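Good morning, everyone, and thank you for letting me talk you through a structure today. Please have the sequence and the model open in front of you, and stop me whenever a term is unclear.

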Amino acid sequence: MPQIIDGKQISAQIKDEVKEKVASLKEQGTTVCLAVIQVGADPASSVYVGNKKKACAYVGIESLSYELPEQTSQEELLSLIDELNNKPEVNGILVQLPLPSHIDEDAVIQAIDPKKDVDGFHPQSVGALCIGQPGFVSCTPAGIIELLKRSGVEIAGKECVVIGRSNIVGKPMAILLLRENGTVTVTHSKTRDLKEVTRRADILVVAIGKPKMITRDYVKEGAVVIDVGIHRNENNKLCGDVDYEDVAPVCSAITPVPGGVGPMTIAMLMYNCVRSIELQ
Ligand code: NDP
């Protein structure tokens, strides 16, 4: 049986470490504060925002909540971000995505002060990551590195294959694996003979957004498989991009869905909020 990489347990550990750090900062007179902005009332976004606020309360980070109506204009949103950029007591700013279609997401991301960009989506954060300078790292890929390290998976020298090249998962994931001295290949929808490439992987990170697409014929015997996907199936049960039942018997370690990568994203957001104090 493979090692089940327990994201619930590892994320709880990280949140407890953050909680300790927040308490010790408080003793020195420094509080940590995250501003969370949601535009519209998309139910999935409301759940994510609620979970982020809950995590803040658990670790002792103050959270300011801005719930703006769907029809908020881009100018109004940018002006709120500008106001928060200039508030010294606000350390992190998070705008819940996706935004309504009349708002340009790139313009909003770029308006956030890079020193408060706890999601790590600002071009300056991405650039800093690429050239190895200090900055915020996108929470999901940063969480995957923590999962691997804390589960005793060695990255250096390993063949790492990432499926997916999105700005928030695939690309930063590839750069982080490279930073850990993995030999990295990034694949996408135009990759020829995907199975041939993924079967070379010692570490396979799957971020495709296609339920259960990855079956055992994509996976080398003994590989470590990280499943980033989150979907609800016809029975309202969560599943990932990996066909877990099919793949688990052939790999050495695997993340389940739920309970794998998912809980790490919020834990790393909490970590980034504390890091904002150092970066500021
Ligand atoms: P995107 O849709 O932005 O990107 C998907 C990527 O997969 C694209 O690069 C696309 O290639 C590639 N792809 C699509 N089909 C294929 C195929 N048949 N073969 C090879 N590559 C393919 O998704 P995200 O990166 O945002 O998210 C991926 C998954 O992770 C989703 O299920 C999402 O819900 C989940 N997710 C989970 C998070 C968590 O906290 N656990 C956080 C973020 C995302 P191309 O570029 O050529 O189109």
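I will begin with the ligand, go on to one helix and two buried residues, and finish with some backbone features.

Please keep in mind throughout that what we are looking at is a predicted model.

Let us start, then, with the ligand. Which residues come nearest to the ligand? Of the 23 residues around it, these are Arg165, Ser166, Ser189, Lys210 and Thr265. Three of these can be described in more detail, beginning with Arg165, where an N or O atom of the side chain is 2.7 Å from an oxygen atom of the ligand. In the side chain of Thr265, a polar atom lies 2.8 Å from a ligand oxygen, and for Lys210 the partner is a nitrogen atom of the ligand, 3.0 Å from an N or O atom of the side chain. The ligand taken alone exposes 930 Å², and the protein buries 71% of that. If you sort the shell of residues around the ligand by character, you find 10 nonpolar, 10 polar and three charged residues.

Now please turn to helix H6, which runs over residues 139–150 and has 12 residues. From its first C-alpha to its last, H6 reaches 16 Å, and this is close to the 16 Å expected at 1.5 Å a residue. Is H6 mostly enclosed or mostly open? Nine of its 12 residues are buried, so H6 is largely enclosed by the rest of the structure. Among these buried residues are Cys139, Pro141, Ile144, Ile145, Leu147 and Leu148. As for what surrounds them, the buried residues of H6 pack against helices H1, H7 and H10, and also against strands E7 and E8. Just after H6 comes Gly152, which takes a positive phi of about 75°.

One of those neighbours, helix H10, contains Asn272. With a relative accessibility of 5%, Asn272 counts as buried, because the cut-off for that word is under 20%. Setting aside neighbours within four places in sequence, Asn272 is in contact with Val118, Phe136, Val137 and Cys139, and Cys139 is one of the buried residues of H6 that we have just met.

The second buried residue is Leu77, in helix H3, and its relative accessible area is 0%. Leaving aside neighbours within four places in sequence, Leu77 is in contact with Ile37, Val39, Leu68, Thr72, Leu99, Ile103 and Val108. Leu77 and Val95 are 18 residues apart in sequence, while their C-alpha atoms are 9.6 Å apart in space.

Finally, let us look at the backbone. As a general rule, most residues other than glycine have a negative phi, and most peptide bonds are trans. Where do we find cis peptide bonds here? One goes from Leu97 to Pro98, with omega near 0°, and Pro98 is found in the loop between strand E4 and helix H4. Another joins Val257 and Pro258, with omega about 0°, and Pro258 sits in the loop between strand E11 and H10.

Turning to phi, Asp193 has a positive value of about 50° although it is not a glycine, and its place is in the loop between strand E6 and helix H8. Asn236, in the loop between strands E9 and E10, also has a positive phi, near 70°. At 52% relative accessibility, Asn236 counts as exposed, whereas Asn272 counts as buried.

How values were computed:
Residues numbered from 1 in each chain as written. Predicted model: local features only at pLDDT ≥ 70, side-chain atom pairs only at ≥ 80, totals over all residues. Heavy atoms only, no water. Near = heavy atom within 4 Å. Polar contact = N/O pair within 3.5 Å; in protein donor to acceptor, adjacent residues only side chain to side chain. Areas by Shrake-Rupley, 256 points an atom, 1.4 Å probe, with all protein chains shown as cover. Nonpolar A, V, L, I, M, F, W, Y, C, P; charged D, E, K, R; others polar. Helix = DSSP H or I, 4+ residues; strand = E, 2+ residues; numbered from the N terminus. Expected span 1.5 Å × (residues − 1). Buried < 20%, exposed > 50% of the residue type's maximum accessible area, 1.4 Å probe, protein only. Contact = heavy atoms within 4.5 Å.
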